[in-house]
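Please open the model in your viewer and keep the selection panel at hand. The stops below say what to select next and what is to be found there.

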2 protein chains.
Amino acid sequence: MATTTPVRERTRREIVQQAMVLFQSKGYSATSLQDIATAAGCSKATVLYHFNGKPAVLSAVLEPSRAALAELNAAAAELPPAEAQALAITRFVELAVEFRGVVNVLQDVLPTIDEMPEFTDLIAAGLRLTGFLAGSDDPLERALAEFAINGLLGECRHAGERTDAELHTLCDTALRRILRLPD
Amino acid sequence: MATTTPVRERTRREIVQQAMVLFQSKGYSATSLQDIATAAGCSKATVLYHFNGKPAVLSAVLEPSRAALAELNAAAAELPPAEAQALAITRFVELAVEFRGVVNVLQDVLPTIDEMPEFTDLIAAGLRLTGFLAGSDDPLERALAEFAINGLLGECRHAGERTDAELHTLCDTALRRILRLPD
DNA sequence: TTGATTCCTGGCCGATCGGTCAGGAATATG
DNA sequence: CATATTCCTGACCGATCGGCCAGGAATCAA
C-alpha cells in the first residue's frame with residue numbers, strides 16, 4: 001500500500017462527518033452511537049470498531065479545528081503584540097467561518113469538558129488566543145476580547161442562512177468595533 | 001387555606017432550583033430526572049408528580065426569564081426607536097446578569113428548541129429584542145445586534161468568577177462599542 | 001488456491017433512561 | 001375520633017443507552 005488503505009479512511013471520514021452534523025443539530029449527549037451509525041450507513045459496532053468509544057468520536061470531530069487553532073497560536077507567539085493581534089483577528093475569523101460546524105459542537109460540550117482531559121489543551125489554546133486578541137494586559141480589554149470570541153462563536157452557531165462572505169464581514173466588523181480598531 | 005399551601009410550592013421550588021443548577025452544569029439532555037430528584041432530596045416519582053415530564057421541568061426553569069423578557073419587549077414596543085434601544089440595552093444587560101444561570105440552560109437547549117413548541121414564543125421574544133437593540137433596519141446593524149446578544153449570553157455562561165457589577169459593566173461597554181453608541 | 005489480515009456486523013450485556021401506578025404517610029377537615 | 005385530601009415513594013415497565021464479542025464477508029499476500 002502506497003498510502004493508508006483508502007477504505008478504512010473513507011469509513012472513518014464518513015462517521016466523523018455525520019457525527020459532526022448530528023452533534024451540531026442535536027447536541028453531543030443527545031446523539032447516540034446508533035444515530036451516528038445510521039447516518040453514516042453502517043452499524044453501531046462499526047463506529048466502535050473505528051473509534052474507541054463515544055468520546056473518541058468527539059475527539060475526531062474536534063481534531064482539525066484543534067490543529068488549526070494550535071497553529072495560529074504558534075504563529076502569533078512569534079510576533080510582536082500589535083502584529084499578533086492583527087493576525088489573530090483575521091485568521092481567527094477565517095477559522096471560525098471555516099469550522100463553524102465544529103464551533104457549534106465545541107460550545108455544546110464546553111460545560112462538561114472538565115471531565116474530558118483530552119480536550120484541555122483546546123481550551124488552553126482558546127485562552128491563549130484571547131490574550132493575542134486583546135492586544136494588551138488591561139483586564140477590561142481582555143474581557144472584551146472574551147466577549148468578542150463568545151459573540152463570534154455564537155454567531156457562527158446560528159449562521160445557517162448566512163453565506164461565508166457575509167459571516168466573515170460581520171465578524172470582522174464586530175471584532176474591530178469591540179476592540180476599537182480601524183476598519 | 002389562605003394562599004396555596006406552602007409545602008407544595010416549597011418542593012416545586014426546590015426541584016426547579018436544583019434542575020437549573022444541573023441543566024447549567026451538565027446540560028439538559030445529560031441531566032436525568034434521577035439527578036434532579038437526588039439533588040432536590042426527593043424521589044424521581046416526586047419530580048414527575050409535580051411536573052408533567054422532563055420538558056415541563058425545563059419550562060418551569062425558563063419561566064421567570066420568559067416573563068421578564070416579554071415584559072421588556074412590551075415596554076420597548078411603546079417607545080420611539082431611540083428610546084426603545086436605550087431601554088433595551090440597559091434592561092437587557094440587567095436581565096442577562098440576573099438570569100445568567102438560566103441563560104446557560106437556554107443556550108444549551110436552543111438547537112433542539114424547534115421540537116418544543118412551548119418555547120417558540122421565547123425565541124420570538126429574543127428576535128424582537130434584537131430589533132429594538134439594533135435601533136435601525138439596516139441588515140448589518142441588525143446582525144451586529146445579534147452578534148452582541150450572542151456575546152452577552154456567551155459571556156454570562158462562563159462568568160462564574162465575575163461579580164454581578166463587573167459583568168454588568170463589561171456587557172454594557174461591549175454593547176455600546178458594537179452598536180457605536182456613546183458610553 | 002490457500003491462508004492471513006482487514007473490515008464489518010448481529011446479537012447480546014448490564015445500566016440507565018423517562019414514565020406509570022398502586023398504595024403508604026402526613027395533614028387537613030368533620 | 002374518623003375520614004378525605006394532599007403529598008410522596010418503591011417497584012416496576014419498555015425502550016434505549018454505550019459497549020463487547022464471536023464470527024462472517026471481503027480483501028490481500030503467497
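Begin by selecting A96(A), which touches V103(A), L152(A), L153(A), C156(A) and C171(A) when residues up to four places away in sequence are left out; two residues count as in contact if their C-beta atoms, placed from the backbone, lie within 7 Å. The model is a predicted one, in which local features need pLDDT of at least 70 and side-chain atom pairs count only at pLDDT 80 or more, while totals for chains, interfaces and linings use all residues. Residues are numbered from 1 along each chain as its sequence is written, and chains are lettered from A and ligands numbered from 1 in the order in which they are written.

**The nonpolar core**

Keep A96(A) selected and add V61(A), A148(A), V61(B), A96(B) and A148(B), since these are the residues with the most contacts inside the largest nonpolar core, which has 107 residues. Such a core is a set of buried Ala, Val, Leu, Ile, Met, Phe, Trp, Tyr and Cys residues joined through C-beta atoms within 7 Å. A residue is called buried if 20 or more other C-beta atoms lie within 10 Å of its own, exposed if 12 or fewer, and partly exposed in between, with C-beta atoms placed from the backbone. In soluble globular proteins, nonpolar side chains tend to be buried together.

**Chain A as a whole**

Now show chain A alone, which has nine helices and zero strands; helices (H or I, at least four residues) and strands (E, at least two) are DSSP runs, numbered from the N terminus. The C-alpha atoms of chain A fill a box of roughly 55 × 35 × 35 Å along the principal axes, and of its 183 residues 39% are buried.

Colour residues 1-51 of chain A as domain 1 and residues 63-178 as domain 2, bounds that come from an automatic or database domain assignment. The centres of these two domains of chain A, taken over C-alpha atoms, are 26 Å apart, and five residues of domain 1 are in contact with six residues of domain 2. On the domain 1 side of that contact there are three nonpolar, two polar and no charged residues, where Ala, Val, Leu, Ile, Met, Phe, Trp, Tyr, Cys and Pro count as nonpolar, Asp, Glu, Lys and Arg as charged, and the others, Gly among them, as polar.

**Where the two chains meet**

Bring chain B back into view: 23 residues of chain A are in contact with 23 residues of chain B. On the chain A side, helix 1 (6-26), helix 8 (139-157) and helix 9 (164-178) are the elements that give two or more residues, and helix 8 gives the most, with ten. By class, this side of chain A divides into ten nonpolar, eight polar and five charged residues.

A rotation of 180 degrees with 0.0 Å of shift along its axis superposes chain A on chain B, with an RMSD of 0.1 Å; the fit is by least squares on the C-alpha atoms of residues with pLDDT of at least 70 in both. The two copies are thus related as by a two-fold rotation axis. To find that axis, select G151(A), which of the residues of chain A comes closest to it, at 1.7 Å (C-alpha).

**The two DNA strands**

Which residues come closest to DNA strand C? Of the 18 residues that surround it, the closest are R8(A), C42(A), A45(A), T46(A) and S32(B), a residue being near a strand if its C-beta atom, placed from the backbone, lies within 6 Å of it. The surface near DNA strand C has eight nonpolar, seven polar and three charged residues.

Move on to DNA strand D, where S32(A), R8(B), C42(B), A45(B) and T46(B) come nearest among the 17 residues around it. Helix 2 (33-40) and helix 3 (44-50) of chain A, together with helix 1 (6-26) and helix 3 (44-50) of chain B, each supply at least two residues of this surface.

**A buried helix and a last residue**

In chain B, select helix 6 (residues 100-109), which is largely enclosed by the rest of the structure because nine of its ten residues are buried. What covers those buried residues includes helix 1, helix 4 (54-77), helix 5 (81-98) and helix 8 (139-157) of chain B.

Finish at R180(A), in the segment after helix 9 of chain A, where phi is near 55 degrees, a positive value in a residue other than glycine. Most residues other than glycine have a negative phi. R180(A) counts as exposed, with 10 C-beta neighbours inside 10 Å.
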